[in-house]
Amino acid sequence: MKKISVLYLEDDELDVELIREALKGDEIKINLFHVQNKNDFRIALKTMKFDLILADFNLPDIDGYGVLYIAREINPDIPTIILSGTINEEIAIDTLKYGAVDYIFKSKLEKLIPAIETALEKAEENKKKRRYEKELIISETKFRTIFHQITETVFIIDPYTAKIAEANEGVEETFGYHRSELIGKKIDILLADPNKSFPEPEALEQLYLLDKGAGEFVFKEKSGEQKKYKYKIKIIPWEDAKAWLLIILT
């Protein structure tokens, strides 16, 4: 049996008992922690761990919008369901805009457990998404740090547009350009013969068969001077797609 902890803000003792009864089920065991006012609600939310918030929309010292504001301020990860027997449907829908995951009329408490189960599922999905996004940010930060510390001249190129998506500081020494002058430009700007395919057919074949390849090409510096460099190229994940990691071997 699944166990969850619920913080319930309600000033009417009769409604509390009705909710306790409605939350009895075979598939889910709910530990209901009841508070009656805004101050106790805030203290409980700050000092205890909850999986879900239930709150009456109309209380003497706070309304549903205030509840959602406090919940978002203290712990935005906890889903909130608004309960009421008096608000109209327009206001109930407005609570969703302010962050409630659902609203339940007290005359339809049979919908409460399904709503809680759905809210918890969504909360878990959002938690996983935020964890993934955080890990992605950390990963990208580490990658960019390493990328700019590499001593070789390195580019990231969009294979579909041939545009330079990123370049490290090595480009200035090798080609005479500041990296900001190259990002967003096509790699053609650095090719001595822009009509010649880059990478060459052999390197391109290696790239798509093995995800990496190597070759040699005549490049052009900002001054116009041409030099032949060996290079390595590899397919890497980049943002939501794939890109080429191009390393110029000087």
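**Charges and unusual backbone spots in a predicted model**

At 46% relative accessibility, glutamate 73 counts as partly exposed. I start there because partly exposed covers the range between under 20%, which is buried, and over 50%, which is exposed. Please keep in mind, everyone, that what we have on the screen is a predicted model.

So who is the partner of glutamate 73? The side chain forms a salt bridge with arginine 42, and the closest N and O atoms are 3.1 Å apart. Glutamate 73 sits in helix H3, residues 64-74, and arginine 42 in helix H2, residues 38-47, so this pair ties together parts that are 31 residues apart in sequence. Arginine 42 is also partly exposed, because its relative accessible area is 28%.

As a quick reminder, side chains of opposite charge can pair when their charged atoms come close. How many salt bridges does a search of the whole structure find? The count is 10.

Now let's go to the buried charges. Glutamate 10 is in the loop between strand E1, residues 2-9, and helix H1, residues 13-22. Is glutamate 10 buried or exposed? With a relative accessibility of 1%, glutamate 10 counts as buried. The side chain of glutamate 10 meets that of lysine 106 in a salt bridge, at 2.8 Å from N to O. Lysine 106 is in the loop between strand E7, residues 102-105, and H5, while glutamate 10 is in the loop between E1 and H1, so the pair ties together parts that are 96 residues apart in sequence. Lysine 106 is buried as well, because a relative accessible area of 19% falls under the 20% cut-off.

Lysine 106 has another partner for us to look at. Its side chain and that of aspartate 15 meet in a salt bridge, at 2.7 Å from N to O. This pair links distant parts of the chain too, with aspartate 15 in helix H1 and lysine 106 in the loop between E7 and H5, 91 residues apart. Both aspartate 15 and lysine 106 are buried. If you zoom out a little, Glu10, Asp15, Asp56 and Lys106 are linked in a network of salt bridges.

From there, let's move to the surface. Which residues form a negative surface patch? They are Glu27, Glu117, Glu121, Glu124 and Glu125. Take glutamate 125 from that group: you will find this residue in helix H5, which runs over residues 112-149. Glutamate 125 counts as exposed because its relative accessibility is 54%.

Last topic, the backbone. Phenylalanine 198 and proline 199 are joined by a cis peptide bond, with omega at about -5°. Proline 199 is in the loop between helix H7, residues 179-182, and helix H8, residues 201-210.

Then there are residues with a positive phi that are not glycine. One of them is alanine 162, where phi is about 65°. Alanine 162 belongs to the loop between strand E8, residues 153-157, and strand E9, residues 164-167. With 24% relative accessibility, alanine 162 counts as partly exposed. Aspartate 211 also has a positive phi, near 70°. Look for aspartate 211 in the loop between H8 and strand E10, residues 212-220. Aspartate 211 counts as partly exposed, at 41% relative accessibility.

If you take one picture home, let it be lysine 106, buried and part of a salt-bridge network with Glu10, Asp15 and Asp56. Thanks for listening!

Methods. Residues are numbered from 1 along each chain as its sequence is written. This is a predicted model: local features need pLDDT of at least 70, side-chain atom pairs count only at pLDDT 80 or more; totals for chains, interfaces and linings use all residues. Side-chain values use heavy atoms; hydrogens and water are left out. Patches are made of residues with over 30% relative accessible area and no salt bridge: like charges are joined within 9 Å, nonpolar side chains (Val, Leu, Ile, Met, Phe, Trp, Tyr) within 5 Å. Accessible areas come from the Shrake-Rupley method with a 1.4 Å probe; for residues, only the protein chains shown count as cover. A salt bridge is a side-chain nitrogen of Lys or Arg within 4 Å of a carboxyl oxygen of Asp or Glu. Lys and Arg count as positive and Asp and Glu as negative; His and the chain ends are not counted. The place of a charge is taken as NZ of Lys, CZ of Arg, CG of Asp or CD of Glu. Helices (H or I, at least four residues) and strands (E, at least two) are DSSP runs, numbered from the N terminus. Buried means under 20% relative accessible area, exposed over 50%, partly exposed in between (1.4 Å probe, protein chains only).
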